[in-house]
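Hi,

Here is the structure I promised to pass on. Have a look at it first, and my notes follow underneath.

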Amino acid sequence: MLLTRRSTLDRVLDARVRTEPGVTLRGGATVRGLLTEGGTPPRVTGVRLDDGALAADVVVDASGRRSRVDDWLADAGARPRPVVTADCGLAYYSRHYRLRTTDGLPGRADNRTILPLDEFVAGMWGADNGTVLLGLCPLAEDHRFRVLRDPEVFTAVFDTVPGLRGWLDVLDPVGDMFPMGGLHNTLHRLVDAAGPLVLGLHAVGDGVCTTNPTLARGLGVALRTVLDLVDVLAEHPRDPLARALAHDAAITEGVEPYYVDQARTDAARLARVRGVLHARGVLDGRPATPAAPAGPAPSAARVGFDELSAAAFFDAALFRTAASVRGMLVRPEAVYTDPAVVARVREVQAAHPAGVPAPAQPDPDLLAKALAAAV
Ligand SMILES: Cc1cc2nc3c(=O)[nH]c(=O)nc-3n(C[C@H](O)[C@H](O)[C@H](O)COP(=O)(O)OP(=O)(O)OC[C@H]3O[C@@H](n4cnc5c(N)ncnc54)[C@H](O)[C@@H]3O)c2cc1C
């Protein structure tokens, strides 16, 4: 497994792209809209920039989760993008650090440790060049944790996590806090039941699908959608209708199953954490955010993602299988209903009825004190 900061990946990609013949990079240019020709559906012929227009045979929306493409489609008279969403329910507070030493580390700095605590998720993600990301992910609706955007509070709360606090002794912060809220699982399409919304436009990455960042599938989705687009362009160089349909079919095949998997897994986790918080009186009086449908129940013929992940803790073969599902190498449903996987998970469950040892929880008084440290 290779863990790296996004900024490092971008630098490597940028340097590689600059060696490609025929590529012109225009940094700092903001796309303001689409150039289109009328028709049914309209045809995209380029993009509008602040300082003029850029004609193109094919336009790719790679502008991320806050893509303005819906507005641009409306301007073009096109139908809106079909979208499905499911709340991941998390806020995500993170900060990059640099290792001060390589001796006496509390764990492997090139790996990640993610602890699903009763009230929030805490994690460390190793990265490149001696850097590490520390993160705390409470429920977005648990307003006690909004103070985590203050670096001192973030450090104080991280210090209450028994399984991870040792990292603070060997790390120096680099950069500011990154607070992210409003995280959703989303799946957008550029084709609806009546066909493509426009011709000549494709989307990749977060512009197609966002998923709960704690499972780290963002890069997988980006690469999957890009590689599929490369194939589709090669197969249909002169037929934009065939291209639109083929790229959408690839999304159905290679992205949608992971969106569905994530939405179900998140629904189950949200229900669990909300149950704990309600029982402890934390969310009392606050209306619960609706959760996505939880999906099929585990049965003799099917295991769920959480069951597979728990069994993977004890079994090397299941560990590889679970990693393949997380890493988008195999379709989740094919694994969950594979008779050999189901049988092995049930064997492991029988051999370890107590399940995965729960991580040590923060001391409630220390946690309350840490949260109160905000100025
Ligand atoms: C808190 C958090 C943690 C995450 N952790 C992980 C992880 O550990 N592993 C993982 O794989 N994924 C992770 N993800 C997801 C990952 O960040 C995204 O999936 C990935 O960045 C998507 O790449 P993208 O290129 O589609 O979009 P983005 O990275 O959002 O890039 C879009 C680019 O388009 C530019 N842009 C936008 N609008 C315009 C415009 N009009 N004109 C010109 N340029 C424009 C933006 O400036 C930006 O540079 C995380 C996400 C979040 C929110």
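**Odd backbone spots, helix packing and a few loose ends**

Let me start with M328, which sits in the loop that runs between α8 and α9 (332-336). Keep in mind throughout that this is a predicted model. M328 is not a glycine, yet its phi is positive, at about 65 degrees. Is M328 buried or exposed? With 21 C-beta neighbours inside 10 Å, M328 counts as buried, because the cut-off for that is 20 or more.

N129 does something similar with its backbone: a positive phi of about 50 degrees, and again not a glycine. You'll find N129 in the loop between β8 (120-126) and β9 (131-138). Here the surroundings are those of an exposed residue, since N129 has 9 other C-beta atoms within 10 Å and 12 or fewer counts as exposed.

One more backbone item for your list is a cis peptide bond, which joins T40 and P41 with omega at about -5 degrees. P41 belongs to the loop between β1 (31-37) and β2 (43-49). As background to these three, most residues other than glycine have a negative phi, and most peptide bonds are trans.

Now the helices. α7 (residues 305-312) packs against α10 (residues 339-351), with the axes 9 Å apart and an angle of about 60 degrees between them. That angle makes α7 oblique to α10. On the α7 side the contact is made by E307, L308 and A311, and on the α10 side by V345, V348 and Q349. Sorted by class, that contact has 4 nonpolar, 1 polar and 1 charged residues. As for handedness, α7 passes α10 in a left-handed crossing.

α7 also packs on α8 (residues 316-326), where the axes come within 8 Å and cross at roughly 140 degrees. How should that pair be described? α7 and α8 are oblique to each other, because roughly antiparallel would need an angle over 145 degrees. This crossing is left-handed too, as α7 passes α8. From α7 the contact takes in F305, L308, S309, A311 and A312, and from α8 it takes in L318, F319, T321, A322 and V325. Those residues divide into 8 nonpolar, 2 polar and no charged. L308 and A311 are worth clicking on, as they turn up in the contact with α10 and in the one with α8. In general, an α-helix has 3.6 residues a turn, so residues three or four places apart point the same way.

At the other end of the numbering there is α1 (residues 6-17). Its 12 residues should span 16 Å at 1.5 Å a residue, and the end C-alpha atoms are indeed 16 Å apart, so the two values agree. How many of the 12 residues of α1 are buried? The number is 0, so α1 lies largely in the open.

Last, take a look at S94 in strand β6 (residues 92-99). The C-alpha atoms of S94 and F178 are separated by 5.2 Å, although these two residues are 84 residues apart along the chain. Setting aside neighbours within four places in sequence, S94 is in contact with L133, L134, G135 and F178. S94 has 18 C-beta neighbours inside 10 Å and so counts as partly exposed.

Cheers

Technical notes
Residues are numbered from 1 along each chain as its sequence is written. This is a predicted model: local features need pLDDT of at least 70, side-chain atom pairs count only at pLDDT 80 or more; totals for chains, interfaces and linings use all residues. Helices (H or I, at least four residues) and strands (E, at least two) are DSSP runs, numbered from the N terminus. The expected span of a helix is 1.5 Å times one less than its number of residues. Axes are lines fitted to C-alpha atoms, for helices over the stretch in contact, and angles run from 0 to 180 degrees between N-to-C directions. Angles under 35 degrees count as roughly parallel, over 145 as roughly antiparallel, 65 to 115 as roughly perpendicular and the rest as oblique. A crossing is left-handed if the near helix is turned anticlockwise from the far one by less than a right angle, and right-handed if clockwise. Two residues are in contact if their C-beta atoms, placed from the backbone, lie within 7 Å. Ala, Val, Leu, Ile, Met, Phe, Trp, Tyr, Cys and Pro count as nonpolar, Asp, Glu, Lys and Arg as charged, and the others, Gly among them, as polar.
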